[in-house]
Amino acid sequence: MVQRQLPKVGELLELMQFKKPELDARKRRLDAALTIADLRAIAKRRTPKAAFDYTDGAAEGELSLDRARRAFEDVEFHPDILRPAADVDTSCEILGGPSALPFGIAPTGFTRLMQTEGETAGASAAAAAGIPFTLSTLGTTSIEGVKAANPHGRNWFQLYVMKDRSISYGLVERAAKAGFDTLQFTVDTPIAGARLRDKRNGFSIPPQLTVGTIINAIPRPWWWIDFLTTPKLEFASLSTTGGTVGELLNAAMDPTISYDDLDVIRGMWPGKIVVKGVQNVADAARLIDLGVDGIVLSNHGGRQLDRAPIPFHLLPQVVREVGKDATVMVDTGIMNGADIVASVALGAKFTLIGRAYLYGLMAGGRQGVDRTIAILRSEIERTMTLLGVSSLAELEPRHVTQLRRLVPVDDGVGSRV
């Protein structure tokens, strides 16, 4: 028989612990976000459909993006027990400089479209966190503006080779003059991918007011107030604006880009040069043999060729081929700090986040980017502690098994990677 008694007032008072209410609505909603998926949900509520879909979407059936995210979900970790890891060190050296975390912010185009603070929020948040920030050729804040937002931190510049080569050369010279230390030479965008969400939404740069956009704006007045009361949304480094994203990319990009262009840019650039968009082992090996400072395994976030290789699956093969000391980085599909830990364990020297950063930006501007970084940092530290490792250098392939739902069919032809 359970013995019962009347509640004691003193014990009740101990249980009645009321938190001081948070009056700052932005801080309140960001504090409630515990994962990148939570930030995505907030971003979707607060951002017009066309702008959100541009960020969230990928090419054609979006299979490449779905597969990339599933690859990270299909990771099995193998922790070591009785290995104290109370003080976890997440810092690393990458491309000749320090980073407090094993990830940086990837280049994203049209960033002020998502939220008016745009690249300024990303660069200043990266500076505060001690990680690199990458500005896109299609950025909406100038090279000099990013330098002002991140004057003492690490700034990287992502370069598209344009049909008019003089435009690209001019951007290289400006980035070098502004003190950017690394150039990401991007090779996976000879033409625009078929981004069907954008076509269905009639999405253009700058956004056009239509009956549909006006109706969609009614529950999101803050976005439109910001859009209409801040400087015009346009490319900060290019003069061409107006049209769909695909039209803008096709007008600017050049499908004849080649190794000759890489040689020219290498000759112009005084800092580190990384080739972004590598998608097979042979190309990775050739580039490392040519002496580039690093490569990024990437399918452009699934936004170019749908059904492209999964960068995370490609990672162990590339590291085996080019050697564990080569600077191999990876992006596409990262939504959790555990994804970053798994990548480092399998040989990645560094990772880049794109959508995860933009979800935070849309959810709350600079504070939202800070929240993205804080969430990923916490997940990295927790995963490392549970694995029994105190530093990134202690992570090894034995800590991870890639479980594959997609297994290549043996057709007798042999490996195509």
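Okay, let me start with one residue: L95 is buried, at a relative accessible area of 9%. Leucine 95 sits in the loop between β2 and β3, the latter being residues 97–99. What makes L95 worth a pause is its backbone: phi is positive, about 50°, although L95 is not a glycine. Most residues other than glycine have a negative phi. And before I go on, this is a predicted model, so please hear everything today in that light.

There's another residue to put beside that one. E62 also isn't a glycine, and its phi is positive at about 60°. You'll find E62 in the loop between α4 and α5, where α5 is residues 63–73. Buried or exposed, then, for E62? Buried, because its relative accessible area is 13%, and the cut-off for buried is under 20%.

Let me zoom out for a minute. How many helices and strands does the protein have? The secondary structure comes to 18 helices and 12 strands. The radius of gyration is 23 Å, and the globule rule gives 22 Å for 417 residues, so the protein is as compact as a globular protein of that length. If you look along the principal axes, the C-alpha trace spans about 85 × 55 × 45 Å. As for burial, 52% of the 417 residues count as buried. And on contacts: take those with a separation of 6 or more, and 77% of them come from residues 24 or more positions apart.

Now a helix pair. Two packed helices are described by the angle between their axes and the distance between the axes. Here the pair is α4, residues 49–56, and α18, residues 355–387; the angle is about 160° and the axes are 10 Å apart. That makes α4 and α18 roughly antiparallel to each other, because an angle over 145 degrees counts that way. Which residues make the contact? From α4 we have F52, T55 and D56, and from α18 we have R355, L358, Y359 and M362. Sorted by class, that contact has four nonpolar, one polar and two charged residues.

Back to single residues, and over to the strands. F77 is in strand β1, which is residues 75–77. F77 is partly exposed, with a relative accessible area of 26%. Its contacts, leaving out residues up to four places away in sequence, are A338, V341, A342, T383, L387, H399 and V400. If you want a feel for how the chain comes back on itself there, F77 and Q402 are 325 residues apart in sequence, yet C-alpha to C-alpha they're 9.0 Å apart in space.

Next, T90, which has its place in the loop between β1 and β2, the latter being 92–94. T90 counts as buried, at 9% relative accessibility. What does its side chain reach? The backbone oxygen of A100, at 2.8 Å. A100 also turns up among the residues T90 touches beyond four places in sequence, together with L101, P102, I380, E381, M384 and L392.

Then there's K276, in strand β8, residues 272–278. This lysine counts as buried, at 5% relative accessibility. What is K276 in contact with, once neighbours within four places in sequence are set aside? The list is P107, Q184, F185, T186, V187, D188, V296, S298 and D331. So if you're scrolling through the model, do stop there and note the two aspartates in that list, D188 and D331.

Two loop residues to finish. A194 is in the loop between β7, residues 182–186, and α10, residues 196–201. A194 is partly exposed, with 23% relative accessible area. Beyond four places in sequence, A194 touches A58, A59, E60 and Q304. For a pair that isn't in that list, take D38: 156 residues along the chain from A194, with 28 Å between the C-alpha atoms.

And P309 is in the loop between β9, which is 294–297, and α16, which is 311–322. P309 counts as partly exposed, at 35% relative accessibility. Apart from residues up to four places away, P309 touches Q279 and N299. R29 is 280 residues from P309 in sequence, and the two are 36 Å apart in space, C-alpha to C-alpha.

That's my tour; happy to go back to any of these on the screen.

Definitions and conventions: Residues are numbered from 1 along each chain as its sequence is written. This is a predicted model: local features need pLDDT of at least 70, side-chain atom pairs count only at pLDDT 80 or more; totals for chains, interfaces and linings use all residues. Side-chain values use heavy atoms; hydrogens and water are left out. Helices (H or I, at least four residues) and strands (E, at least two) are DSSP runs, numbered from the N terminus. Buried means under 20% relative accessible area, exposed over 50%, partly exposed in between (1.4 Å probe, protein chains only). Contact means heavy atoms within 4.5 Å. A polar contact is a pair of N or O atoms within 3.5 Å; within protein, one must be able to donate a hydrogen and the other to accept it, and residues adjacent in sequence count only if both atoms are side-chain atoms. Axes are lines fitted to C-alpha atoms, for helices over the stretch in contact, and angles run from 0 to 180 degrees between N-to-C directions. Angles under 35 degrees count as roughly parallel, over 145 as roughly antiparallel, 65 to 115 as roughly perpendicular and the rest as oblique. Ala, Val, Leu, Ile, Met, Phe, Trp, Tyr, Cys and Pro count as nonpolar, Asp, Glu, Lys and Arg as charged, and the others, Gly among them, as polar. The radius of gyration is taken over C-alpha atoms; the globule rule is 2.2 Å times the number of residues to the power 0.38.
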